[in-house]
Amino acid sequence: MTDLPTIVSIAALLAVAISLVVQQQQARTAQMVDVRERHFELIKLMLDHPELDYNATDRPPSDDRKTAIGMSLWLAHWNTLWHIGKLDEKALRFNLEDLFASSEARQWWHRVSSAWSSKGTRKERRFLAIVSQECEAARTKPSVPLRETVKSGARD
């Protein structure tokens with residue numbers, strides 16, 4: 001009979017462990033849904049407000065802060081993906097290369113880089129180091145013209 005309480009305790013502990021694993025999976029699923037919704041909202045913003053799109057060529061004349069806000073939103077989105085492990089270094093560098101193809105983006109990063117984040121964790125410092133490396137690497141590359149705006153519904 002002394003084994004029965006031990007077995008019950010082990011079963012209870014196992015149930016708690018399984019419950020924690022299931023909760024962790026649910027939390028990750030919720031994070032991914034949130035990230036995808038944010039990405040959808042960013043794309044929708046860019047379509048509704050071309051001045052927020054950091055690599056659009058035919059941006060309407062407007063306050064330059066809108067473009068900076070767009071760049072900051074994308075960088076924050078990539079930062080979130082980086083922290084939850086859904087964006088690796090190669091993909092991050094690919095996105096940053098596109099961002100920093102614009103001299104406007106490079107100037108923006110040099111203005112805000114020191115205050116953009118609290119730099120609290122090692123992972124955050126690594127993210128910021130990669131962003132700064134890609135910004136510097138883009139400075140030495142020849143300037144590439146920005147993509148042309150796609151006009152929906154246009155017929156030839």
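In which helix does Glu124 lie? The points below take up that question after a short overview of the model.

1. Overall make-up. This is a predicted model, and the protein in it has five helices and zero strands. Read from the N terminus on, its elements follow the order α-α-α-α-α. Of the 156 residues in the protein, 26% are buried. Among the contacts with a separation of 6 or more, 64% are accounted for by residues 24 or more positions apart.

2. Glu124 and its surroundings. To return to the opening question, Glu124 lies in helix H5, the helix that spans residues 122–140. Its relative accessible area is 8%, and because the cut-off for a buried residue is under 20%, Glu124 counts as buried. The side chain of Glu124 is joined to that of His83 by a polar contact of 2.4 Å. When residues up to four places away in sequence are not counted, the residues that Glu124 touches are Asn79, His83, Trp116, Ser117 and Lys119.

3. Glu134, also in H5. A further glutamate to look at is Glu134, which has its place in helix H5 and is buried, with a relative accessible area of 13%. Once its neighbours within four places in sequence are left aside, Glu134 is in contact with Arg93, Leu96, Glu97 and Phe100. Of these contacts, Arg93, Leu96 and Glu97 are also listed among the H3 residues that meet H5, which leads to the packing of those two helices.

4. H3 against H5. Helix H3, made of residues 89–99, packs with H5 at an angle of about 40 degrees, and the axes of the two helices are 9 Å apart. That angle makes H3 oblique to H5, and the crossing in which H3 passes H5 is right-handed. On the H3 side the residues that take part are Glu89, Leu92, Arg93, Leu96 and Glu97, and they meet Arg126, Phe127, Ile130, Val131, Gln133 and Glu134 of H5. Sorted by class, this contact of H3 with H5 holds five nonpolar, one polar and five charged residues.

5. H4 against H5. Helix H4 covers residues 103–112, and it packs with H5 at an angle of about 140 degrees, with 10 Å between the axes. Since angles over 145 degrees would count as roughly antiparallel and 65 to 115 as roughly perpendicular, H4 and H5 are therefore oblique to each other. The crossing in which H4 passes H5 is left-handed. From H4, the residues Arg106, Trp109 and His110 meet Leu128, Val131, Ser132, Cys135, Glu136, Ala138 and Arg139 in H5. By class, five nonpolar, two polar and three charged residues make up the contact of H4 with H5.

6. Val131 in both contacts. A reader who compares the two lists may note that Val131 of H5 appears in the contact with H3 and appears again in the contact with H4.

7. Trp78 in H2. Is Trp78 buried or exposed? This tryptophan, which has its place in helix H2, residues 64–83, is buried, with a relative accessible area of 4%. Between the C-alpha atoms of Trp78 and Leu96 the separation is 9.3 Å, while the two residues stand 18 residues apart along the chain. Leu96 is itself one of the H3 residues that meet H5, and Leu96 is also among the contacts of Glu134.

Note on methods: Residues are numbered from 1 along each chain as its sequence is written. This is a predicted model: local features need pLDDT of at least 70, side-chain atom pairs count only at pLDDT 80 or more; totals for chains, interfaces and linings use all residues. Side-chain values use heavy atoms; hydrogens and water are left out. Axes are lines fitted to C-alpha atoms, for helices over the stretch in contact, and angles run from 0 to 180 degrees between N-to-C directions. Angles under 35 degrees count as roughly parallel, over 145 as roughly antiparallel, 65 to 115 as roughly perpendicular and the rest as oblique. A crossing is left-handed if the near helix is turned anticlockwise from the far one by less than a right angle, and right-handed if clockwise. Contact means heavy atoms within 4.5 Å. Ala, Val, Leu, Ile, Met, Phe, Trp, Tyr, Cys and Pro count as nonpolar, Asp, Glu, Lys and Arg as charged, and the others, Gly among them, as polar. Buried means under 20% relative accessible area, exposed over 50%, partly exposed in between (1.4 Å probe, protein chains only). A polar contact is a pair of N or O atoms within 3.5 Å; within protein, one must be able to donate a hydrogen and the other to accept it, and residues adjacent in sequence count only if both atoms are side-chain atoms.
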